[in-house]
Amino acid sequence: MDYLSSREEFTALQERLCSDYNADIPTIIIPAGTCGQASGASDLVRTAQREIIRRKLQDKLHLRVTGCHGFCQMEPSVLIEPAGTFYPRVDITGMKRIIDALVRQEVVEDLLFVDEETGQRIARQDDIPFYRHQSRLLLSQNEKIDPLDVYDYLRIGGYFAFVRLLADMEPRQVIEEVKDSELRGRGGAGFPTGMKWEFLSGAADGKGKYIVCNADEGDPGAYMDRSLLEGNPHSIIEGMLIGAYATGADQGVMYVRTEYPLAIKHLNNALKQSRALGLLGGNILGSGFSFDISLVKGAGAFVCGEETALMRSIEGRMGEPCQRPPFPVQKGIHGKPTLINNVETWANIPVVLRDGAQEYRKTGRMNTGTKIFSLVGKIKNTGLVEVPMGTPVREIIYDIGGGQSGKAGIKAVQTGGPSGGCIPAGMFDIPISYESLAQAGSIMGSGGMIVMDGNTCMIDVAKYFMNFLKDESCGKCFACRKGTQRMFELLDDIASGRGTLNHLKILEELALILKDVAMCGLGQTAPNPVLSTLKYFREEYLEHIEHKRCPAGVCKGLISFTISELCTGCGACVKACPEQAITGEKKQRHVIDQDRCSRCGACKSICKFEAVEIH
Amino acid sequence: MAVDTKKVDEIIAGYEKSEESLLAILQDFQREFNYVPEEGMEKLSELFGVPASKIYAMGTFYKALSLEPTGRHTCKVCTGTACHLKGASNVVDVIGRQLKIRPGETTKDMRFTLQTVNCVGACALAPVVVVDDKDYYEGASPQNILKNLKNYK
């Protein structure tokens, strides 16, 4: 790799990469992020490589292994450039047939995506409803680049925004541009990014200012940051370079959670390549500007996503939050001024500077830009979706997500993870913005969007989050340590049939106190899942308390399974039962031994005759 | 269980002697030995001049660090929200009962350690079980997961 020592050398390299690239040669694109690999993308990659070599197609076909494209439900999938053909759930034989067809310049009709609504086959990715209704400002780059190859990123214009402003813009102007874009933090709270930068820029001059990329994506059910880190690591490095130039920081840190081994691998590789090219390090492109980034691995603590805890973890200590003020920008890592932004925020920066604030502002209503959500749970099309701010929740769930996955209708959607709340189906017309979600009792959060249907018990959901939070509470402040524990116990009582109306009263009282007195964000937002379910699903709580019934059939202490006369005696449930609790003669109605039954529901999910009933 | 003190020294030697390296060193111990050995923590305390209690506190604070030796295979059941909704708790229960351990524990024969993990970020595959940090089992259920675990000796 050539070391670039000037802007001219950079421009020459970028021009050469563009002119050398022949976009007309068909390219097989295989997304192989964590979920792609888990569902078999690596086998497809090997098959494609072998076929290309065996049939000597190196000059006629290109192969590109990329990060995640978002439609996780359909993985392992294959995308063909330049035609834009999309093949879902491809197996090895399918891969070979696709290559065959490509050579003949044809499409494998029977492997194409089928639109369930119309029954029609759809060839092009952009025409599939899941993609058609999105605005993939950031995610669309993932399919264009091999995340392990910096040249791919350079070819699509990567680092251009940074190099241009390095020569033509004053740091002050860069900050103005970011402020002008009205970009707000994508990590949860939505603080205006430009303002944060201005604070750091104004902090005492002199050596030693830090900027940090918070990649401790801890919200369960949210993984958009993982896909950006894995699929486009250089965009985050470029964002941080721009941030460093604008604010005068000279050291950067990426704090990545250890549960993302592939992201860590790709980031380390990207950092190495950028250094080799001279885009990171001392005197970048001969401009006199120096900046480097180190990577710190988290160690599985949710609270480390909180900025003061994160800084202590970077210092190599136990990740306990501290009182604010002083804010990180006054006194951060090792006492130096520090700026912390989330992964998705950093990934937006190059786009803002490339297109200009004015252009950037054109996307989105109420707030600017796009937001990536991870749409998961009881939804047909699971995956990552990127939509303009202001898009109604309904559009995301029905037009993009395709609606419910099972027979039970959608009841609510949970946003913002353990700090967020539930939005009931009746309110799905609200637009996605920081303000409207807060008004509904939830938060934007980092972008988890978990869909719940009639088979989801809201008390179980509240209990789940409280269990999570009581485990993750660091224990430093009493209110959070005891408050989350006690709230969990109250919810557990209700879910087990020991609840009284007094439980609800105490629960509400505790929730409001914790909101007021907890020291850090974890504790202050911990009551949200309880408060929002109490607000919108109070009847479910009352049903558990007054009638000792769980309407969704989830809370194990309140349900029992029996087998009705619909049973044909096929024996499938006998085999499925992990407790050996089901007995019965062949072709005779079976019986469940209630003492042995652990209420796991395995029999119900396997029964084809709907003979297993929940009471 | 005695650990190779040479290996401990080797790992420590790879880092700058400052408090900042502590977490990274403990993570290296975990990867090398499958747990954080007492010998290692004592050595760090001695060399870095940090109270042993502080290092021990870190060992208990971070979920990715274990102070007990873990088994030959780690079985991580994802209990993220999407996995939870799709029945991850039943998967944890059934594995636990089969192996006669609770989450966080190791079987007597050191074959398996059962862990729950907050979210592995593969929600489309829910419920997910990850064995040895490399084998991902999607759509895990009480029925199929026990069959899959049989392959790990």
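This passage walks through chain A as a whole, then one pair of helices, then two residues that also touch chain B.

The model is a predicted one. In it, chain A carries 25 helices and 19 strands. Its radius of gyration comes out at 26 Å, close to the 25 Å that the globule rule gives for 615 residues, so chain A is as compact as a globular protein of that length. Laid along the principal axes, the C-alpha atoms of chain A fill a box of roughly 80 × 65 × 40 Å. Of the 615 residues in chain A, 59% are buried. There is plenty to say about contacts along the sequence, too: take the contacts in chain A between residues at least 6 apart in sequence, and 70% of them join residues at least 24 apart.

Next comes a pair of helices in chain A. Helix α10(A) covers residues 224-231 and helix α14(A) covers residues 343-355; their axes come within 9 Å and cross at roughly 50°. Angles from 35 up to 65 degrees fall outside the parallel and perpendicular classes, so α10(A) counts as oblique to α14(A). As for handedness, α10(A) passes α14(A) in a left-handed crossing. On the α10(A) side, the residues that meet the partner helix are Met224(A), Asp225(A), Leu228(A) and Leu229(A), while α14(A) brings Val343(A), Glu344(A) and Ala347(A). Sorted by class, this contact has five nonpolar residues, two charged ones and no polar ones.

Then there is Ser313(A), which sits in helix α13 of chain A, residues 307-314. With a relative accessible area of 1%, under the 20% cut-off, Ser313(A) is buried. Leaving aside residues up to four places away in sequence, Ser313(A) touches Tyr255(A), Cys304(A) and Gly319(A), and from chain B it touches Leu23(B) and Tyr62(B).

Met318(A) is found a little further on, in the loop between α13 and β10 (338-342) of chain A. Here the relative accessible area is 22%, and Met318(A) is partly exposed. Its C-alpha atom is separated by 9.3 Å from that of Cys304(A), 14 residues apart along the chain; Cys304(A) is also one of the residues touched by Ser313(A). With residues up to four places away again not counted, Met318(A) touches Arg312(A) along with Ala57(B), Met58(B), Phe61(B) and Tyr62(B). Tyr62(B) thus turns up in both contact lists, that of Ser313(A) and that of Met318(A).

Key. Residues numbered from 1 in each chain as written. Chains lettered and ligands numbered in written order. Predicted model: local features only at pLDDT ≥ 70, side-chain atom pairs only at ≥ 80, totals over all residues. Heavy atoms only, no water. Axes fitted to C-alpha atoms, helices over the stretch in contact; angles between N-to-C directions. Helix = DSSP H or I, 4+ residues; strand = E, 2+ residues; numbered from the N terminus. Parallel < 35°, antiparallel > 145°, perpendicular 65-115°, else oblique. Left-handed = near helix turned anticlockwise from the far one by under 90°. Contact = heavy atoms within 4.5 Å. Nonpolar A, V, L, I, M, F, W, Y, C, P; charged D, E, K, R; others polar. Rg over C-alpha atoms; globule rule 2.2 N^0.38 Å. Buried < 20%, exposed > 50% of the residue type's maximum accessible area, 1.4 Å probe, protein only.
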